[in-house]
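Here is a friendly walk through one chain, with its helices, loops and charged pairs in turn. Please keep the viewer open while you read.

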Amino acid sequence: MATFSTRLQELKETKKLLQKDAAKALDVPHRTYQRYEHGQQEPQLSTLIRMADFYGVTLDYLAGRSDQGGPEES
């Protein structure tokens, strides 16, 4: 199963977004979003929920706990 950082990168690329655009949409600093994608920092639960809603996936999918609930199942 993929890790959180890998899933986050894949979801961003699927939406054809730049890191700075995803960060802005999620209301997090660009550098913080970079740290999420590089596995250097983990988001708070409230940020994870915003990410899941924004990308249209489940929290388990985003966290890499499940392959169910991804964008292809929307």
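L59 has a relative accessibility of 38%, which makes this leucine partly exposed. In this predicted model, L59 belongs to helix α5, residues 59–63. Together with L45 and I49, L59 makes up a nonpolar patch on the surface, and the accessible area of the three adds up to about 260 Å².

Helix α5 is also a good place to turn to charges, starting with a count. How many salt bridges does a search of the whole structure find? The search finds three, and the table gives them with the distance between the closest N and O atoms.

| Acidic residue | Basic residue | Closest N and O atoms |
|---|---|---|
| D67 | R7 | 2.5 Å |
| E37 | K12 | 3.1 Å |
| D60 | R65 | 3.2 Å |

Take D67 and R7, whose closest N and O atoms are 2.5 Å apart. D67 sits in the segment after α5 and R7 in helix α1, so this salt bridge ties together parts 60 residues apart in sequence. The two partners differ in exposure: R7 is buried at 5% relative accessibility, whereas D67 is partly exposed at 43%.

K12 and E37 form another salt bridge. This pair links distant parts of the chain, with K12 in helix α1 and E37 in helix α3, 25 residues apart. Here both K12 and E37 are buried. In the salt bridge of D60 with R65, D60 is partly exposed at 38% relative accessible area, while R65 is exposed at 63%.

E37 leads on to helix α3, which spans residues 30–37 and has T32, Y33, Y36 and E37 as its buried residues. Why do these buried residues line one face of the helix? Viewed down the axis of α3, they fall within an arc of 140 degrees, so they share one face. The general background is that an α-helix has 3.6 residues a turn, so residues three or four places apart point the same way. The buried residues of α3 pack against three helices: α1 (4–14), α2 (19–25) and α4 (45–55).

Finally, a look at backbone angles. Just after α3, G39 has a positive phi of about 70 degrees. Positive values also turn up in residues other than glycine: phi is near 55 degrees for K16 and near 60 degrees for D27. K16 is placed in the loop between α1 and α2, and D27 in the loop between α2 and α3. Are these loop residues buried or exposed? K16 is exposed, with 76% relative accessible area, and D27 is exposed as well, at 66%.

Methods: Residues numbered from 1 in each chain as written. Predicted model: local features only at pLDDT ≥ 70, side-chain atom pairs only at ≥ 80, totals over all residues. Heavy atoms only, no water. Buried < 20%, exposed > 50% of the residue type's maximum accessible area, 1.4 Å probe, protein only. Helix = DSSP H or I, 4+ residues; strand = E, 2+ residues; numbered from the N terminus. Arc of directions from axis to C-beta. Contact = heavy atoms within 4.5 Å. Patch = residues over 30% accessible without salt bridge, like charges linked within 9 Å, V, L, I, M, F, W, Y side chains within 5 Å. Areas by Shrake-Rupley, 256 points an atom, 1.4 Å probe, with all protein chains shown as cover. Salt bridge = Lys/Arg side-chain N within 4 Å of Asp/Glu carboxyl O.
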